[in-house]
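Please open the model in your viewer, with the cartoon shown and side chains ready to be switched on. The tour moves from the whole chain to individual helix contacts, and at each stop suggests a selection.

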Amino acid sequence: MMTYIIRRSIMAVPILIGVATITFLLTFVFVPGDPVRMIMGQNADEETVAMIRHELGLDQPLTIQYIKFITQIFKGDLGRSFKTRRPVIDSITERFPATLRLGLSAMGVAIVIGIIAGIISATKPYSIWDNLFMGLALLGISIPVFYLGLLLIVVFAVKLNWLPVGGYGGGSIRYLILPAISLGTMQAARIARMTRSSLMEVVRMDYIRTARAKGLSERVVIFKHALRNALIPVITVIGTQLGYLLGGTVLTETTFSWPGIGRLAVDAVQYRDFPMIQGTVLFLAVIFIVINLLVDLSYGWLDPRIRYE
């Protein structure tokens, strides 16, 4: 297994370089607007603008800037924010705990609701429960996350006054409930649909028929024999969605004024803060690589026939 982990880690290096290169080109070549003008204002005199551009290194040729950017990445340095002049890595690590808390809470909601709904639908196919859960799953996938967030705010924060409208609230759980539900609903819908389809496929296999022929109860057949194999594609979906959640959820964090990576990225784009944009994108790429590795390793635990050589 260690050999597999090392091999995957080595394979991640060119991926990160590719992501860094594409991000650099998108920010410096294709993104309109001058970051210095965004910082100093449109009425700043040309001498001041030229001085700031020199200080930020923006007056150097693009190839020199790219070489410096890649060199800094290999040193673990993502540069300094154009706006705040703080190290980018410090801003990311400062905001990541809030995103981690929101992402894990939303995924917890999604896993509990999604897997339970998927199991019920698979064990009672085409019943009223199956139609109900799959109809709700379709609605959960279809409704935009920001719109659901606004609906939750109107109902539970404005009308009923049960929960706060938004913010972090010093980490209070009351501020976490609405964004976690809003963010977890779509993920729960996807997990429910995948759990249903995967479990329905597994229960048709010969070894499940054999288990039933031995007189095992339906609960034992489903939870001990069928569900474990059915979870392999579900784990893939969970891993992909968890990487997305931990990378920063822009719409949810903006809707609920949640101080996470997503809002940090939005602010960086608004101010043309190129180092911050590049840093958040690279951070998202690293999160996805790590989550995908953990998902691949979990396959061996779910199915002992899988070996890593």
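The stops below go from the overall fold to one helix and then to its neighbours.

This is a predicted model, in which local features need pLDDT of at least 70 and side-chain atom pairs count only at pLDDT 80 or more, while totals for chains, interfaces and linings use all residues. Residues are numbered from 1 along each chain as its sequence is written, and side-chain values use heavy atoms, with hydrogens and water left out.

Begin with the whole chain, whose secondary structure comes to 13 helices and zero strands; helices (H or I, at least four residues) and strands (E, at least two) are DSSP runs, numbered from the N terminus. The C-alpha trace spans about 85 × 55 × 30 Å along its principal axes.

Next select residues 88–123, which form helix H5. Its 36 residues reach 50 Å from the first C-alpha to the last, close to the 52 Å expected at 1.5 Å a residue, where the expected span is 1.5 Å times one less than the number of residues. Where in H5 does a kink lie? Centre on Phe96, shortly before the proline Pro97, and you will find a kink of about 35°, the bend being the angle between axes fitted to the seven residues ending there and the seven starting there.

Keep H5 and add residues 261–270, helix H12, which packs against H5 at an angle of about 135° with the axes 8 Å apart; axes are lines fitted to C-alpha atoms, for helices over the stretch in contact, and angles run from 0 to 180 degrees between N-to-C directions. That makes H5 oblique to H12, since angles under 35 degrees count as roughly parallel, over 145 as roughly antiparallel, 65 to 115 as roughly perpendicular and the rest as oblique. Show Ser91, Ile92, Arg95, Phe96 and Thr99 of H5 with Ile261, Gly262, Arg263, Leu264 and Asp267 of H12, which make the contact, meaning heavy atoms within 4.5 Å.

Then swap H12 for H6, whose axis comes within 8 Å of that of H5 and crosses at roughly 140°. Here Ala117, Ile120 and Ser121 in H5 meet Trp129, Asp130, Phe133 and Met134 in H6.

Finally, keep H6 (residues 128–142) and add H8 (residues 174–202), where the axes come within 8 Å and cross at roughly 135°. H6 and H8 are therefore oblique to each other. The H6 side of the contact is made by Asp130, Met134, Ala137, Gly140 and Ile141, and the H8 residues include Thr185, Met186 and Ala189.
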